[in-house]
Amino acid sequence: VEKRKEEHRKKVLLRLIEVQVKHFKNIQERVARMPNIDETLKARLKAEIDKVLADLAALKAKVEAAKTAEELKALAKQIHDNLKQKREVVKKIVEAITSAHLRNAADRAEERVKTAEAKIAELKTAGKDVTELEKLIATAKEKLAAARADLSRDSLGDAKDALKELYEALKELAKGVEDED
């Protein structure tokens with residue numbers, strides 16, 4: 001009876017490991033296909049996933065070699081700890097995607113700021129009063145600098161807020177430019 005119980009535990013633990021391996025391989029494939037993160041980051045995430053997969057392979061071998069209920073119990077705990085590791089890797093992937101998305105938004109905003117500056121220079125040359133527009137562009141530049149600073153510190157929540165404010169400032173600026181035009 002004990003022998004059957006241990007065999008059943010082994011099967012359950014091996015199945016848990018197989019499910020995790022499959023899940024990590026799916027994650028790895030998804031990361032490889034993501035267009036919005038750069039190759040360096042993809043390579044770093046792949047290396048982390050490869051490490052987890054190697055840990056799982058080692059765990060599988062230990063489970064297969066286990067002879068006692070105590071060994072299986074200890075291995076069950078390791079498998080549980082491995083699930084925590086999986087959550088950390090997934091969290092890093094989500095943060096990487098968010099960071100890449102916010103950096104792209106900041107780059108687009110910077111282009112819009114440059115376009116607005118050129119338009120303001122045109123209006124100034126045409127003799128228009130651009131004092132208010134210059135104030136708005138200064139505000140937009142401040143917001144952009146704040147967003148870039150938050151991104152460099154990996155403070156993604158703050159960067160997101162700063163980008164929202166920046167896009168609001170850009171909307172106001174675009175409206176002001178239209179009114180002057």
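The crossing of α1 and α2 is left-handed, meaning that the near helix is turned anticlockwise from the far one by less than a right angle. Helices here are DSSP runs of H or I, at least four residues long, numbered from the N terminus. Helix α1 covers residues 2-33 and helix α2 residues 39-65; they pack at an angle of about 165°, with their axes 10 Å apart. Those axes are lines fitted to C-alpha atoms over the stretch in contact, with angles running from 0 to 180 degrees between N-to-C directions. That makes α1 and α2 roughly antiparallel to each other, the label for angles over 145 degrees.

A word on the source: this is a predicted model, where local features need pLDDT of at least 70 and side-chain atom pairs count only at pLDDT 80 or more, while totals for chains, interfaces and linings use all residues. Residues are numbered from 1 along each chain as its sequence is written, and side-chain values use heavy atoms, with hydrogens and water left out.

Now for α3 and α4. Their axes come within 10 Å and cross at roughly 160°, so α3 and α4 are roughly antiparallel to each other. This crossing is left-handed too. On the α3 side, the contact (heavy atoms within 4.5 Å) includes Ser99, Leu102 and Ala106, and on the α4 side Leu133, Ile137 and Leu151 are among the residues involved.

Take α4 by itself. Its 22 residues, 131-152, should span 32 Å at 1.5 Å a residue, and the end C-alpha atoms are indeed 32 Å apart; the expected span is 1.5 Å times one less than the number of residues. The buried residues of α4 (buried is under 20% relative accessible area, exposed over 50%, with a 1.4 Å probe and protein chains only) are Leu133, Leu136, Ile137, Ala140, Leu144, Ala147, Asp150 and Leu151. They cover an arc of only 145° around the axis, so they sit on the same side of α4; the arc is taken from the directions from the axis to the C-beta atoms. These buried residues pack against α3 and α5 (156-180), while Lys135, Glu142 and Ser152 are exposed on the face turned away.

What sits in the loop between α4 and α5? Asp154 does, and it has a positive phi of about 60° although it is not a glycine. Most residues other than glycine have a negative phi. Asp154 is exposed, with a relative accessible area of 54%. Back in α3, Ser99 is buried at 10% and, leaving aside neighbours within four places in sequence, is in contact with Leu151, Asp154 and Leu156.

How values were computed. Helices (H or I, at least four residues) and strands (E, at least two) are DSSP runs, numbered from the N terminus. Angles under 35 degrees count as roughly parallel, over 145 as roughly antiparallel, 65 to 115 as roughly perpendicular and the rest as oblique.
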